[in-house]
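Hello,

Here is the structure for you to look over. My notes follow below it.

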Amino acid sequence: LTASSGPGISLMQEGISYSAGAEVPCLIVNVMRAGPGLGNIAPEQSDYNQSVKGGGHGSYKLIVLAPNSAQEMCDLTIKGLELADKYRTPVVLLSDAFIGQMMEPVDFPEPISKEELPKKPWATQGTAEHSKNLINSIYLEPSEMEDHIKRLGEKFKTIEKNEIMHEEFQTQDADILLVGYGITSRILKDVTEKARNEGIKVGLFRPITLWPFPGKALTDLSKKVKNILVVEMSDGQLFEDIKLQANCMKEIYSYTRMGGIVPTSTEVLEQVKKIMGRK
């Protein structure tokens with residue numbers, strides 16, 4: 001496990017690509033702050049593309065988990081390490097500087113014993129049994145490299161099939177669907193409750209895995225609602241993917257704040273009212 005924020009993660013990209021190619025399990029925690037460049041230390045969500053689209057060179061995917069609380073920082077760290085081990089792949093825990101500085105009660109699970117840890121027959125452990133193991137990502141013969149990339153691709157398909165997570169809130173009769181992840185999703189839950197108190201049928205869709213993305217669930221919901229509003233602390237990076245995933249003729253709107261400014265429930269509710277013709 002390693003942790004940093006945007007600039008540090010940028011410097012790790014070669015190692016992340018190597019780990020994906022060599023199938024080395026690891027968890028990379030990115031507590032996002034404003035960028036590009038040195039930016040500032042305030043919260044943003046502008047590393048979405050860097051994490052979800054790969055970041056480093058070559059054909060690979062990263063499992064990307066998006067917590068929205070201190071409890072999920074704990075739970076998804078454990079989940080991330082388990083997924084990394086299960087699929088021999090790097091996993092990203094994509095948080096932000098708001099959650100990174102948040103103080104909340106956390107229930108820690110009971111630790112497992114050393115005997116319960118999964119066996120790793122592929123690992124290099126400095127023993128005679130493992131002396132022939134080689135952790136490597138270079139295949140000089142093009143056909144071997146192609147076969148390796150195809151095998152990685154099959155693994156990514158398995159992950160897409162089995163490891164999708166998302167949350168829905170008040171979506172059963174929603175006219176407008178709010179979409180957001182991380183700390184933004186908690187603001188949107190508050191917006192949903194306030195809007196319903198005013199008679200506006202709002203629902204929330206929160207992707208927990210940003211990759212693999214819960215596209216089918218979003219597509220199914222998008223067929224039932226009248227409008228979709230994507231809220232994020234970046235320049236529309238999530239919005240671009242929602243436009244592709246929603247796959248419908250509905251109007252899809254974007255509301256963004258950047259530079260470390262966290263959107264308030266009041267300003268998002270104003271956007272909801274404008275979209276629904278209440279303003």
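I started with the largest pocket. Its lining is made up of I78, L81, E82, D85, P109, E110, P111, I112, L117, P118 and K120. Sorted by class, that lining has seven nonpolar and four charged residues, and no polar ones. The charged ones are E82, D85, E110 and K120. The space in this pocket comes to about 350 Å³. Bear in mind that this is a predicted model.

Next, the second largest pocket. About 230 Å³ of space lies in it. Its lining has 14 residues, and the closest to the pocket centre are S17, G21, H57, G58 and M145. Helix 2 (13–22) and helix 6 (142–162) each supply at least two residues of this lining. Helix 2 gives the largest share, with five residues. By class, the lining of the second largest pocket splits into six nonpolar, seven polar and one charged.

Now the interior. The largest nonpolar core has 52 residues. Which residues have the most contacts inside it? They are V179, I228 and I242. Leaving aside neighbours within four places in sequence, V179 is in contact with both I228 and I242. The other contacts of V179, on that same basis, are L188, F205, P207, L218, L229, V230, V231 and L238. Another core lies apart from the largest one and has 17 residues. Among them are L229, V231, Y255 and V272. So two contacts of V179, L229 and V231, belong to that other core.

Please start with the two pockets, then turn to the cores.

Best wishes

Notes:
Residues are numbered from 1 along each chain as its sequence is written. This is a predicted model: local features need pLDDT of at least 70, side-chain atom pairs count only at pLDDT 80 or more; totals for chains, interfaces and linings use all residues. Side-chain values use heavy atoms; hydrogens and water are left out. A nonpolar core is a set of buried Ala, Val, Leu, Ile, Met, Phe, Trp, Tyr and Cys residues joined through side-chain atoms within 4.5 Å. Buried means under 20% relative accessible area, exposed over 50%, partly exposed in between (1.4 Å probe, protein chains only). Contact means heavy atoms within 4.5 Å. On a 1 Å grid over the protein atoms alone, a cavity is a set of points where a 1.4 Å probe fits but cannot get out, and a pocket is an open set with protein on both sides within 12 Å along at least five of seven lines; lining residues have an atom within 4 Å of a point. Grid points are joined across faces, edges and corners, and a volume is the space filled by probe spheres set on the points. Helices (H or I, at least four residues) and strands (E, at least two) are DSSP runs, numbered from the N terminus.
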